[in-house]
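Let's take a walk through this protein together, stopping wherever side chains meet. Keep the sequence and the 3D view open as you read.

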Amino acid sequence: AASYAPASAGTWNPAGATRVYREETGRYRVVFTGLGARLPANVGGHVQVMGVGTAKSYCNAETWGGSPDLSVYVVCFTAAGFPVDAKFAVLFTPPAAHLAYAWADSPTASQYQAYAGFASNPVGGAITIYRFGVGRYQVAWTGVDAEIRDYGTPQVTTWGGGPAHCKVYSYTNESISVRCYNSNGVPTDAQYQVSLGS
C-alpha cells in the first residue's frame, strides 16, 4: 500500500497517530505523529526493526528523526540482498529504566565509546563497543546488570541502507555479542542498533 494507518491492535504512539508510507520497492517511512517533540534535547532515541512473516526477507533501520513528527525509514531485502516489499515491525523508544541501548556507528574501530545521543545506560556507566574481527562485535554497558532482570532480552537491527544483516550471537546481563553478514552469509563490518532490556 502507498500509505496506510497500521492496525490499532498492534500499534501504539503515546503522542498521536502512526502512519506508514511506501517510498519505493522495499523502502518505507513510518511516521509517529508528535513523538519527536517529546524527546529531551540531545536525545535521539533508539530504533529496532524486524521482518515479519514466512518470507526469506529481512528489514533494517535506514535512519530516523524529526520533530514534531518522528519518522523511521525502513529498508527490506530478499535473502539475496535485493529490495523487496515486506511486512515488518518497528519500535522506537527514548531512554527508560531497565533498558540499555547503543548505536554502533564505527564498524571498523577496534574499541570506542558509543555516541551519547543514540545510547543509554540507565545506571550512567560507560558504553563501550569492541570489534574482534570482521563482523564480530561486543557492546558492554558498565554496571547495567543492576537494572537488567534475569539477563533481560537482547535485540539488534542493522543500521543503514545496505543489505547487511546482524544477529545476536550471545549475551550476558551487561553485554551483547553481535555478528554481521552480507547477503551471501559472509561476515562483514556493519553499523547496527543494539538493546538490552527487561
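What follows goes from disulfides to salt bridges, then to aromatic rings and the surface.

One thing to keep in mind from the start is that this is a predicted model. With that said, let's begin with the cysteines. The structure has two disulfides, and if you number the bonded cysteines in sequence order, they pair up 1-2, 3-4.

Start with C59 and C76, whose sulfur atoms sit 2.1 Å apart in a disulfide. This pair links distant parts of the chain: C59 belongs to strand β5 (residues 57-65) and C76 to strand β6 (residues 70-78), 17 residues apart. Turn to the S-S bond and you'll find a torsion of about 105°, so this disulfide is right-handed. Is C59 buried or exposed? Its relative accessibility is 5%, so C59 counts as buried. Its partner C76 is buried too, with a relative accessible area of 1%.

Now move along the chain to the other disulfide, which joins C166 to C180 with an S to S distance of 2.1 Å. Here C166 is in strand β13 (residues 165-171) and C180 is in strand β14 (residues 175-181), so the bond ties together parts that are 14 residues apart in sequence. The torsion about the S-S bond of C166 and C180 is about 105°, so this one is right-handed. As for burial, C166 has a relative accessible area of 9% and is buried, while C180, at 1% relative accessibility, counts as buried.

Next come the charges. How many salt bridges does the structure hold? There are five, and a network of them links E23, R27, R29 and E62. Let's trace that network residue by residue. E23 meets R27 through their side chains in a salt bridge, 3.6 Å from N to O. E23 also meets R29, with an N to O distance of 3.3 Å. Then R27 forms a salt bridge with E62, where the closest N and O atoms are 2.8 Å apart. Since E62 lies in strand β5 and R27 in strand β3 (residues 27-32), this pair ties together parts that are 35 residues apart in sequence.

How open are these residues? E23 has a relative accessibility of 35%, so it counts as partly exposed. R27 comes in at 23% and is partly exposed, and R29, with a relative accessible area of 22%, is partly exposed as well. R29 has another contact worth a look: its charged end sits over the ring of Y21, 4.5 Å from the ring's centre. You can find such an arrangement elsewhere too, with R179 lying over the face of Y169 at 3.9 Å from the ring centre.

That brings us to the aromatic rings. A pair of them is described by the distance between the centres and the angle between the planes. The count here comes to eight aromatic pairs. One of these is formed by Y58 and F77, a tilted pair with 5.8 Å from centre to centre and 35° between the planes. Y58 is in strand β5 and F77 in strand β6, so the two rings tie together parts that are 19 residues apart in sequence. Both Y58 and F77 are buried.

For W103 and F118, the ring centres are 5.3 Å apart and the planes meet at 85°, so this pair is edge-to-face. W103 lies in strand β8 (residues 99-104) and F118 in the loop between β9 (111-113) and β10 (127-133), so the pair ties together parts that are 15 residues apart in sequence. W103 is buried, with a relative accessible area of 14%. Both rings also belong to a wider set: ring pairs link W64, W103, Y115, F118 and W159 into a cluster.

Finally, have a look at the surface. Which residues make the nonpolar surface patch of about 270 Å²? They are Y151, V168 and Y171. Of these, Y171 is placed in strand β13, and at 35% relative accessibility Y171 counts as partly exposed.

One last stop is D69, in the loop between β5 and β6. D69 is partly exposed, with a relative accessible area of 34%. In sequence, D69 and A37 are 32 residues apart, yet their C-alpha atoms are 6.9 Å apart in space.

How values were computed
Residues are numbered from 1 along each chain as its sequence is written. This is a predicted model: local features need pLDDT of at least 70, side-chain atom pairs count only at pLDDT 80 or more; totals for chains, interfaces and linings use all residues. Side-chain values use heavy atoms; hydrogens and water are left out. A disulfide is a pair of cysteine sulfur atoms within 2.5 Å. Helices (H or I, at least four residues) and strands (E, at least two) are DSSP runs, numbered from the N terminus. Buried means under 20% relative accessible area, exposed over 50%, partly exposed in between (1.4 Å probe, protein chains only). Rings of Phe, Tyr and Trp (its six-membered ring) pair if their centres lie within 6.5 Å; planes under 30 degrees apart count as stacked, over 60 as edge-to-face and the rest as tilted. A charge sits over a ring if NZ of Lys or CZ of Arg is within 6 Å of the ring centre and within 35 degrees of the ring normal. Patches are made of residues with over 30% relative accessible area and no salt bridge: like charges are joined within 9 Å, nonpolar side chains (Val, Leu, Ile, Met, Phe, Trp, Tyr) within 5 Å. Accessible areas come from the Shrake-Rupley method with a 1.4 Å probe; for residues, only the protein chains shown count as cover. A salt bridge is a side-chain nitrogen of Lys or Arg within 4 Å of a carboxyl oxygen of Asp or Glu.
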